[in-house]
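User: I would like a close look at a single part of this model, followed outward into what surrounds it. Please take the time to connect the pieces.

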Amino acid sequence: MILMEQRTLGRTGRDVSVVGQGTWQLGGDWGEVEESDAFDVLDAAVDSGVTFFDTADVYGDGRSEQLIGRYLKNRPDADVLVATKMGRRADQVPESYVLDNFRTWNDRSRANLGVDTLDLVQLHCPPSSVYSSDAVYDALDTLVDEQRIAAYAVSVETCAEALTAIARPAVASVQIILNPFRLKPLDEVLPAAVAAGVGIIARVPLASGLLSGKYTKDTVFGPDDHRTYNRHGEAFDQGETFSGIDYATGVAAAAEFAALAPEGATPAQTALRWIIQQPGVTSVIPGARSVEQARANAAAAALPPLPQSTLDAVRELYDRSIRPEVHDRW
């Protein structure tokens, strides 16, 4: 296995690789993935130094969790922290976020993953008021006391939600959208997380593939791909698809971003390297649907830091092309 830089994941006290493996794709929401192909992707990630998998109980209605559980049973040598999420299996109202539901969802995830205690459970972008509820955190503390989960965290859509969660004493980490087209978390969220000792997990790091530089305005995605059916937030939060950016705007900006890639690095690796070197980031979790993608993502951890001139160019591109459209909405 290749060695990769490890960082402590906030209040879990455990170290994880700076490049993790997002597994939304393995659930089938980006098109069908065969089990053998999924195992090959996870093998490539682990052999490339990845020690962190991120999943959720709704990815493929639990298929992603099940695949990870079967994979790790066959790879006892893989020292991987698995973070899952809960909350999206119920109506998205605050009343759904109660201890009885938590136990039910937790039982299902533990069965899917084949473990007694889940490493880390994240609330999966619940209604905003949930982040402020004492009863919710009391229920999460109960799951820890019952040894159902080792630690808990949150996944958020907005910076305000992140700041509310960071202020809670037992929240281990915050998962938030962060990439060169999504800079607002740099202003307050990352500094607050550093000060509180809370980990930051950066999701949607390639803006649903835009930052790979592979797509054009004429690219067609499959009907079962969220990049087709959720472009305007029809199925879930719009920010999860192309980071909430209008597709045509994103394609044009991605072409400019691709020109910033240093020699020997792809645009996707450049985006990942940019995220890794943001102060406060613990791990970035790109997805992969092929062995080659998993290896290339992991290799971004070995790239030298981007120079200040590139960082300045990313900021200028964002301020000129992205910020006027979406910054205030985030």
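Is Gln 21 buried or exposed, and what is its relative accessible area?

Analyst: The model is a predicted one, and within it Gln 21 is buried, with a relative accessible area of 2%. This residue has its place in strand E3, and when residues up to four places away in sequence are not counted, Gln 21 touches Val 41, Leu 42, Ala 45, Val 50, Phe 52, Phe 53, Asp 54, Ile 285, Pro 286, Gly 287, Ala 288 and Ala 294.

The sheet gives the setting for these contacts. Eight strands form an open sheet in the order E3-E4-E5-E6-E7-E8-E9-E10, and the pairing is parallel. Strand E3 (21–22) and strand E10 (283–284) stand at the edges, each with a single partner strand, so one side of each has no neighbour in the sheet. Gln 21 therefore belongs to an edge strand, and yet its relative accessible area of 2% makes it a buried residue.

Moving inward along the sheet, strand E4 (residues 52–54) pairs with E5 in the parallel sense over three bridges, and Phe 53, which is among the residues that Gln 21 touches, has Val 82 in E5 as its bridge partner. Six of the six residues of strand E5 (residues 81–86) are buried, so this strand is largely enclosed by the rest of the structure. In a regular strand the side chains alternate between the two faces of the sheet. For E5, both faces are covered, with Leu 81, Ala 83 and Lys 85 buried on one side and Val 82, Thr 84 and Met 86 buried on the other.

Further along, Cys 125 is found in the loop between strand E6 (120–124) and helix H4 (134–145), and at 5% relative accessibility Cys 125 also counts as buried. Leaving aside neighbours within four places in sequence, Cys 125 is in contact with Arg 88, Gln 92, Tyr 131, Ser 155, Val 156, Glu 157, Arg 203 and Glu 240. One of these contacts, Arg 203, lies in E9 and stands opposite Ile 177, within a parallel pairing in which five bridges join strand E8 (residues 171–177) to strand E9 (residues 199–203). Cys 125 and Ile 176 are 51 residues apart in sequence, while their C-alpha atoms are 9.6 Å apart in space.

Strands E8 and E9 also take part in covering a helix. In helix H6 (residues 189–196), Val 189, Leu 190 and Ala 193 are buried, and seen down the axis of H6 these buried residues fall within an arc of 95 degrees, so they line one face of the helix. What covers them includes helix H5 (159–166), E8 and E9, whereas the face of H6 turned away from its buried side carries the exposed residues Val 194 and Ala 195. After H6 comes Gly 197, with a positive phi near 75 degrees.

Helix H9 (residues 267–276) offers a contrast to H6: 10 of its 10 residues are buried, so H9 is largely enclosed by the rest of the structure. Those buried residues include Gln 269, Arg 273 and Trp 274.

Finally, there is open space to consider. The second largest pocket has a volume of about 220 Å³ and is lined by 14 residues, of which Gly 69, Leu 72, Leu 113, Gly 114 and Val 115 lie nearest its centre. Helix H2 (residues 63–74) gives the most to this lining, with six residues, and the lining residues divide into seven nonpolar, four polar and three charged.

Notes:
Residues are numbered from 1 along each chain as its sequence is written. This is a predicted model: local features need pLDDT of at least 70, side-chain atom pairs count only at pLDDT 80 or more; totals for chains, interfaces and linings use all residues. Side-chain values use heavy atoms; hydrogens and water are left out. Two strands pair if DSSP finds at least two bridges between them. Helices (H or I, at least four residues) and strands (E, at least two) are DSSP runs, numbered from the N terminus. On a 1 Å grid over the protein atoms alone, a cavity is a set of points where a 1.4 Å probe fits but cannot get out, and a pocket is an open set with protein on both sides within 12 Å along at least five of seven lines; lining residues have an atom within 4 Å of a point. Grid points are joined across faces, edges and corners, and a volume is the space filled by probe spheres set on the points. Ala, Val, Leu, Ile, Met, Phe, Trp, Tyr, Cys and Pro count as nonpolar, Asp, Glu, Lys and Arg as charged, and the others, Gly among them, as polar. Buried means under 20% relative accessible area, exposed over 50%, partly exposed in between (1.4 Å probe, protein chains only). The arc is that of the directions from the helix axis to the C-beta atoms. Contact means heavy atoms within 4.5 Å.
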